[in-house]
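Biologist: Before we begin, could you take me through the reading of a model, feature by feature, with the general idea first and the case at hand second?

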Amino acid sequence: MTVDEHTLVLGVETSCDETAAALVLGGDDVISSVVSSQIDLHAEFGGVVPEVASRAHLESLNPVVARAIVEGGIDPSRIDAVACTIGPGLIGALLVGVSAAKALALAWDVPFVGVNHLEAHLYAAFLEDTNLQFPLVVLLVSGGHTMLVEMRDHGDYRLLGRTIDDAAGEAFDKVARFLDLGYPGGPAIDRASDAGDPDAIRFPRAMMDDGLDFSFSGLKTSVLNYVRREPDVASVDVAASLQQAVIDVLVHKARRAAHEVGATGIVLGGGVAANRLLRAEIAAACAADGIGAFLPSREMCTDNAAMIAAAGWHRLRAVGPSPLDIGAFPTMPLLDQALIR
Amino acid sequence: MELHTASPSDTREVAAAIARLARSGDIVLLTGDMGVGKTVFAQGFGAALGVAEPMTSPTFTLVNSYQCGSLTLHHADLYRLERTGEVADLALAELAEFSGVLLVEWGEAAAATVRDHLEVHLDVDDADADALDEVTGRTIEISAIGPSWAQRYGRLTEALARFAC
């Protein structure tokens, strides 16, 4: 099939706790994007519960897809392909989306495209700014991932650095739960930090000048040790000091990565990219270095299906459809051979 | 047995000593609060089995698997499940059945579903608690539950003798 600016892709996303569907035309024109979050459902448990997530996806998926089609104001016969996240994520959650997307593709007799969720995050920025110039450095930070990727062209990536233990968002989640600040932990730390002093406690900045990999497990331990030793410390000061430590490392390494590869700019992606201090400090660092800072809206940084449809459009054009017997891959890496030509 | 480690590298060594005695079908449950060194233990355990890549936290993915020679190390994390009674859905014991060694963080919740296992409980060492610097000392309590580790307990005690309290 010809894949061009008239190709309309339905994207489906169910890898974690958002059920999402979107219609994207020509790889970058978002016709509709619907996200149904399970955050309220998981808040009482203080985290995503896999079986709860799968059941919720099962209930939400049909209405979410229907709403994306109705809001897009198109007839389903106009859809040219169905793209869906096949990994990484929770296996039970992934399978709900993959099965539904394959069924839709089969029923409509259009191609099915399996998409890597991490690769899709790299595309989120292109949906809001179609003039981005390669090479770019993408800082992808969420509850499950922390990585720096050089994007040399569409489909051409190089992993520059990644966490060797915990993700940055995981450090926020776990400390927020320990301090009883609420779920999800990222926004809770962001909010609490407003009232705290970021210089109150000097937490360690691990591996600051040691390559482009990250390590946040020791920082988490250091925060917990501190609070156990000083139980009367103000939670807001702990939150603000933790946030500053994490963001110092993220910004420092993103900036060095951009310098090393001669990037035209730094792109943020993933749920932690909604953090206000991270956005402000990346913007300031890029301005100082004379490169672009591409900060997608909160809606595009967090899980959504528009980025899945966009990545699906690029994959369809470069590689073609995926076989219908392709499975779901819970620990799929960004540079997965199964999806590379 | 009860052990004392003075630093993360000590804890890594204890983990390595256990890993060197591990064999296919083994289950090791790690218990203890947040920040007591479960990640450090897991890294030491994996390195001794021959895992070359970084062992990242399985909190999000629930289980990460690593091929090390003829063995597969399954590194699981029940942090998000411990309060929900969904542990049985993961079918942990089945993971270890085929040439696998299963290491479970936040393993408390799995103790009832796996019969034969080694339990490793980590805790901050109170003796160091009033030190001004970072508290790096840990107590590690190891118990063999069921026959399979009981047979190796003597060799394990010997290998860990220098950390004994």
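**Reading helices, folds and a loop**

Modeller: Let us begin with helix length, where 1.5 Å a residue is the yardstick: the 12 residues of H2(B) should span 16 Å, and the end C-alpha atoms of H2(B) are 17 Å apart, which agrees. Please keep in mind throughout that this is a predicted model.

Biologist: How many of the 12 residues of H2(B) are buried?

Modeller: A residue counts as buried when its relative accessible area is under 20%. In H2(B) 10 of the 12 residues are buried, so this helix is largely enclosed by the rest of the structure. The buried residues are Lys38(B), Thr39(B), Val40(B), Phe41(B), Ala42(B), Gln43(B), Gly44(B), Phe45(B), Gly46(B) and Leu49(B). Just after H2(B) comes Gly50(B), with a positive phi of about 105°.

Biologist: What does the span of helix H1 of chain B look like at 1.5 Å a residue?

Modeller: Helix H1 of chain B covers residues 8–21, and its 14 residues should span 20 Å, which agrees with the 21 Å between its end C-alpha atoms. Asp10(B), Thr11(B), Val14(B), Ala15(B), Ala16(B), Ala17(B), Ile18(B), Ala19(B) and Leu21(B) are buried in H1(B).

Biologist: Which elements of chain B cover the buried residues of H1(B)?

Modeller: For cover, one looks at what is in contact with the buried residues, and for H1(B) this includes the strands E1 (2–5), E6 (117–124) and E7 (138–145) as well as the helices H2 (38–49), H4 (147–150) and H5 (153–159) of chain B.

Biologist: In what order do the elements of chain B run from the N terminus on?

Modeller: Chain B has 5 helices and 7 strands, and from the N terminus on they run β-α-β-α-β-β-α-β-β-β-α-α. Of the contacts in chain B with a separation of 6 or more, 68% are between residues 24 or more positions apart, while buried residues make up 54% of its 165 residues.

Biologist: And how many helices and strands are there in chain A?

Modeller: Chain A has 11 helices and 10 strands. Its radius of gyration is 20 Å, close to the 20 Å that the globule rule gives for 341 residues, so chain A is as compact as a globular protein of that length. Of these 341 residues, 57% count as buried, and among contacts in chain A between residues at least 6 apart in sequence, 73% join residues at least 24 apart. As for charge, chain A carries 24 positive and 44 negative side chains, with the centres of the two sets 5 Å apart.

Biologist: How many of the 13 residues of H11(A) are buried?

Modeller: We can apply the two earlier readings again, beginning with the span: the 13 residues of helix H11 (residues 306–318) of chain A should span 18 Å, and its end C-alpha atoms are 18 Å apart, which agrees. Of these residues 11 are buried, so H11(A) is largely enclosed by the rest of the structure; among them are Met307(A), Trp313(A), His314(A) and Arg315(A). After H11(A) comes Gly320(A), whose phi is positive, near 100°.

Biologist: Finally, where does Ile291(A) lie?

Modeller: Ile291(A) is in the loop between helix H9 (276–289) and strand E10 (292–294) of chain A, and at 22% relative accessibility it counts as partly exposed. Leaving aside neighbours within four places in sequence, Ile291(A) is in contact with Ala258(A), Ala263(A), Thr264(A), Gly265(A), Ile266(A) and Cys286(A).

Technical notes
Residues are numbered from 1 along each chain as its sequence is written. Chains are lettered from A and ligands numbered from 1 in the order in which they are written. This is a predicted model: local features need pLDDT of at least 70, side-chain atom pairs count only at pLDDT 80 or more; totals for chains, interfaces and linings use all residues. Side-chain values use heavy atoms; hydrogens and water are left out. Helices (H or I, at least four residues) and strands (E, at least two) are DSSP runs, numbered from the N terminus. The expected span of a helix is 1.5 Å times one less than its number of residues. Buried means under 20% relative accessible area, exposed over 50%, partly exposed in between (1.4 Å probe, protein chains only). The radius of gyration is taken over C-alpha atoms; the globule rule is 2.2 Å times the number of residues to the power 0.38. Contact means heavy atoms within 4.5 Å. Lys and Arg count as positive and Asp and Glu as negative; His and the chain ends are not counted. The place of a charge is taken as NZ of Lys, CZ of Arg, CG of Asp or CD of Glu.
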